[in-house]
Number of protein chains: 2
Amino acid sequence: MPLDERKLEVLRAIVEDYVATEEPVGSRALVERHNLNVSPATVRNDMAVLEEEGYIRQPHTSAGRVPTDRGYRLFVDRLSQIKPLSAAERRAIERFMFGAVDLDDVVYRTVRLLAQLTRQVAVMQYPSLTKSAVRHLELVPISTTRVMLVMITDTGRVEQRLVELPGPTEADDVTELRRLVNAKLVGEQLSETPALVQSLVDEVHPDLRQIMAPLASVLLETLVERHEERVALAGTANLTRAGLFDFQGSLRSVLEALEEQVVLLKLIGEVGNDGYREPRVRIGGENEVADLRTTSVVSAGYGPGDTIVGGMGVVGPTRMDYPGTIATVRAVARYVGELLAQN
Amino acid sequence: MPLDERKLEVLRAIVEDYVATEEPVGSRALVERHNLNVSPATVRNDMAVLEEEGYIRQPHTSAGRVPTDRGYRLFVDRLSQIKPLSAAERRAIERFMFGAVDLDDVVYRTVRLLAQLTRQVAVMQYPSLTKSAVRHLELVPISTTRVMLVMITDTGRVEQRLVELPGPTEADDVTELRRLVNAKLVGEQLSETPALVQSLVDEVHPDLRQIMAPLASVLLETLVERHEERVALAGTANLTRAGLFDFQGSLRSVLEALEEQVVLLKLIGEVGNDGYREPRVRIGGENEVADLRTTSVVSAGYGPGDTIVGGMGVVGPTRMDYPGTIATVRAVARYVGELLAQN
DNA sequence: ACTGGCACTCAAAATGTCCGAGTGCCAGCG
DNA sequence: CGCTGGCACTCGGACATTTTGAGTGCCAGT
């Protein structure tokens, strides 16, 4: 049965009231607070239909109704519109981010900001390497057989790695290597580099090849592997606020899931993959991570200009203020994007 | 009144049982489980004395006894001896740490290891800068008016900072600056550098002074300020295990405290200051952080050889297995120290 | 100095009672 | 035909009451 206008209105009212009060909402309370111009009895009939269709349910007979995941989904997709941020919130964002000194600091401030504004757990992926370009490569001799490789990307990120050389090496040779490597790689997207590194090894003067080999393998490691997989987290204390009712007793497993960086990446990271940066909402069971089936996730991609270098988002109970949260996540993601672009 | 041998034995038994069962322990249960060769009535008398002296207390009349902070303190100081680690635990440490690729990875693995072994919340300070020495400074031109300063320390840590120059600058000048800065600072302890930076500004050729000034201030910032203040955290999920009984409802504030990096530093960081690296135990109210009055902290310094570059530790309910926890923290701190020394 | 016995206390669990919000259904109304 | 008011019914939560048992303190006896 298609839901008519009023039934949708009833669903919206239920979601809003339940989010606000945290208590199952009954027909009387509903007509009192929202001015649907009908009687409780009518609402009850509508509720019965909504329940049949799986949008709401009763915790027990003779209790009020509570939205199901499906109900929230409908609400998010069709019944809500994103609240514009208040002026106070806009100011808070600027104040909070003002004076960030380096990339780590930006990330750190952002998660805390998000956690504070949404009063939920905030997660943010460090800018992914693969989407950024090489700005400079530095080779620093540590001893005659060791060199520290330092890479700086255009997102301002710095990676370092130790390289063990096969034998004692002249400072001049190191300088030459530095020149070669920079000439070849600076300005390139990281994702393009593996092929280039290979050609470096092939083209290099035979005298240097022995040294180039280990350097190349470390380079590859630095450029592609691992480590783009870092995630910052804040606001776990907010989990206890939502507390015992949501997450019924599974608070522990939620915390555990949040500590698994890999899990978080899956959650937040895949935002960027489709090149779509607008907030995305996953509600309860829609979530692939079993431990987070009692939570909803609102995540968005961020990055300078048109590129997306990572994701950020918020994890909270399914009973959350979706319009507000979505708006906040979007605003913060945009702001950080601008910040990165200025660099 | 001085406590005789048996009363101490009773206290030890109470602590051990309470830690094991999480329930107030009564006189009968005590004589049954430990073979003190006396009757419950006798134990009751001893308990009365222990209570008078403030080592134990009753949650309510007609309940068993529970150790107080003071009781735990006595237990830790005089009644317990550190359990040697089991072979399995030793293996776990090695297996877990094997293959760590860089400093960040070592820290990350260490906290997770600690959290897992102790089944509590683990905290670890990133190796502090002040105790380490400058290995190399690099200046990378980003544009004509911007330079990226990269510092590498002998603990393998890398710090970077952007420097805004007052005007367009020649590459040659940058090279010259790099030479000057390195000549002056490489090999010096970070704590010694502020004076040297000042002399750099004074001694530099007047042509370069204009450029040196902003560089110097950023240098100072990088060398001393902030940022040595980073902390890694793991195992917050373990808080829920101890759960509702300990931390009575203050779980939230504990989580909040744990998110405050500054607080954690105070907790863990001061270990190194006295140059003493053995585990230190702070029990309940002994703790200076108000939000952590319901917890105990076991912390130790770590570092290569004789120097201490940071602290690590464990936060848990006062009702914790002190001998085991102390042993684990000590062993892990030592292991990490050795690891750093090998570098 | 220790023990067994006894009266007493009190929190927690079990049981019972009541209340009201909420429901489903139905007959009547516009 | 859709909405409404009315009514009987359900059931969880709040509250009061009782029961139970672990634990205590104290004292007289060995």
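Helices here are DSSP runs of at least four residues, numbered from the N terminus. With that in hand, let's walk through this predicted model.

**Stop 1: DNA strand C.** Select α3 of chain A to begin. α3(A) gives the most to the surface near DNA strand C, contributing four residues. Now add α2 (27-33) of chain A and α3 (40-52) of chain B, because residues 40-52 of both chains and this α2 each supply at least two residues of that surface. Widen the selection to everything around the strand and you will have 20 residues, with A:G26, B:V38, B:T42, B:T61 and B:S62 the closest. Colour them by class: eight are nonpolar, nine polar and three charged.

**Stop 2: DNA strand D.** Which helix provides the largest share of the surface near DNA strand D? This time it is α3(B), with four residues. Show α2 (27-33) of chain B and α3 of chain A as well, since each of them, like α3 of chain B, supplies at least two residues here. Around DNA strand D there are 20 residues, and the nearest are A:V38, A:S39, A:T42, A:S62 and B:G26. Coloured by class, this surface shows seven nonpolar, ten polar and three charged residues.

**Stop 3: where the chains touch.** Hide the DNA and look between the two proteins. Here 22 residues of chain B are in contact with 22 residues of chain A. On the chain B side, select the strands β4 (134-143), β5 (146-153) and β6 (158-164), then the helices α10 (238-242) and α11 (251-259); each gives two or more residues to the contact with chain A. That side of chain B has ten nonpolar, four polar and eight charged residues.

**Stop 4: the nonpolar cores.** Next, go inside. The largest nonpolar core has 122 residues, and A:V123, B:L114 and B:V123 have the most contacts within it. Apart from it lies another core, of 47 residues, including A:V204, A:L219, B:L149 and B:I211. Now centre the view on A:V123. Leaving aside residues up to four places away in sequence, A:V123 touches A:V111, A:V231, A:L233, A:L264, A:L267, A:I268, A:M312, A:G313 and A:V315.

**Stop 5: chain A as a whole.** Zoom out and show chain A alone as a cartoon. You can trace 13 helices and ten strands. Its C-alpha trace spans about 90 × 40 × 35 Å along the principal axes. The radius of gyration of chain A is 26 Å, whereas a compact globule of 343 residues would have one near 20 Å. Finally, colour by burial: buried residues make up 42% of the 343 residues in chain A.

Conventions. Residues numbered from 1 in each chain as written. Chains lettered and ligands numbered in written order. Predicted model: local features only at pLDDT ≥ 70, side-chain atom pairs only at ≥ 80, totals over all residues. Near = placed C-beta within 6 Å. Nonpolar A, V, L, I, M, F, W, Y, C, P; charged D, E, K, R; others polar. Core = buried A, V, L, I, M, F, W, Y, C linked by C-beta atoms within 7 Å. Buried ≥ 20, exposed ≤ 12 C-beta atoms within 10 Å, placed from the backbone. Contact = placed C-beta atoms within 7 Å. Rg over C-alpha atoms; globule rule 2.2 N^0.38 Å.
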